[in-house]
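Grab a pencil and open your viewer. Here are a few exercises to work through, each with its solution.

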Amino acid sequence: MKVAITGTSGLAKVIKQTLEGTAIDGSWIEVVTPRIEDIINADTKWHGFNQVDVLINFAHKRFDQTKILEITHRAWKDDDSKFIINFSSRASQPNISKGHLYASQKASLNHLSNNLTYNSDKKYKLTTINLGLLNHDELPSLSWNDVSGLIFRLITNYPTIEIPEITVQSFANYQEVQSEKAKV
């Protein structure tokens, strides 16, 4: 199995380390890290696109995640062996984030993902993960290992189940965490 993940730092590295070299159905998982620009220009630069089984649409750069989802949808829409995992944010929901542009970019990704899930004839699996606070030193938050473990399970344990959207956050009162976050 070949997995592509956009991004190479922080959480993306942990996901790569979790997946790489693991056997599934008798074959090893290989992880590649194409650049966002190479996927957006897939016709000319990234020739490995169609050899990938799973795309982890992770790296956030303006609205590029939405563009990558659209490009991948067009390439994979008739292939039931493919799987796209989008990394989004709890901030995509209205009235949650004060980072308005970031929230809009993530909402765009979620909106396209939902449209493709419910209003297209796609054959591939598609999951969008909305993350809460991540790897914070002082506040309750998700760890990179929590998230990489979830990705591992999505890829390896659920071959016949599609989970269109999931929100994952620390088990702590949301309002209390946000109040404390504003103080930090």
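The exercises below use a predicted model, going from the whole chain down to single residues.

**Exercise 1.** Work out how many helices and strands the protein has, and in which order they run.

*Solution.* Start with the tally: there are six helices and eight strands. Now walk along from the N terminus, and you read β-α-β-β-β-α-β-α-β-α-β-α-β-α.

**Exercise 2.** Does the radius of gyration agree or disagree with that of a compact globule?

*Solution.* First, take the chain length, 184 residues. For that length, a compact globule would come out near 16 Å. The protein has 16 Å, so the value agrees with the rule. For a feel of the outline, the C-alpha atoms fill a box of roughly 45 × 30 × 30 Å along the principal axes. Next, look at the contacts: counting those with a separation of 6 or more, 71% join residues 24 or more positions apart. As for cover, 45% of the 184 residues count as buried. The accessible surface comes to about 9900 Å², and carbon and sulfur atoms hold 49% of that.

**Exercise 3.** Find out how far apart the mean positions of the positive and negative charges are.

*Solution.* Count the charges to begin with: 20 positive and 20 negative. Then take the mean position of each set, and the two lie 5 Å apart.

**Exercise 4.** Take strand S6 and decide which of its residues are buried on each side.

*Solution.* S6 covers residues 83–89, and seven of its seven residues are buried. Split them by face: Phe83, Ile85, Phe87 and Ser89 sit on one side, with Ile84, Asn86 and Ser88 on the other. Both faces are therefore covered, as buried means under 20% relative accessible area. Now bring in a neighbour: S5 pairs with S6 in the parallel sense, over four bridges. One residue pair to look up is Asn57, whose bridge partner in S6 is Asn86.

**Exercise 5.** Is Arg62 buried or exposed, and what is the sign of its phi?

*Solution.* Locate Arg62 first: the loop between strand S5 (54–57) and helix H3 (64–76) holds it. Its relative accessibility is 53%, so Arg62 counts as exposed. Then check the backbone: phi of Arg62 is near 50 degrees, a positive value in a residue other than glycine.

**Exercise 6.** Place Ser108 and name the residues it touches beyond four places away in sequence.

*Solution.* Ser108 belongs to helix H4, residues 100–119. At 22% relative accessibility, Ser108 counts as partly exposed. Leaving out residues up to four places away in sequence, Ser108 touches Phe63 and Thr66. Lys82, 26 residues from Ser108 in sequence, is 22 Å away, C-alpha to C-alpha.

Note on methods. Residues are numbered from 1 along each chain as its sequence is written. This is a predicted model: local features need pLDDT of at least 70, side-chain atom pairs count only at pLDDT 80 or more; totals for chains, interfaces and linings use all residues. Side-chain values use heavy atoms; hydrogens and water are left out. Helices (H or I, at least four residues) and strands (E, at least two) are DSSP runs, numbered from the N terminus. Buried means under 20% relative accessible area, exposed over 50%, partly exposed in between (1.4 Å probe, protein chains only). The radius of gyration is taken over C-alpha atoms; the globule rule is 2.2 Å times the number of residues to the power 0.38. Contact means heavy atoms within 4.5 Å. Accessible areas come from the Shrake-Rupley method with a 1.4 Å probe; for residues, only the protein chains shown count as cover. Lys and Arg count as positive and Asp and Glu as negative; His and the chain ends are not counted. The place of a charge is taken as NZ of Lys, CZ of Arg, CG of Asp or CD of Glu. Two strands pair if DSSP finds at least two bridges between them.
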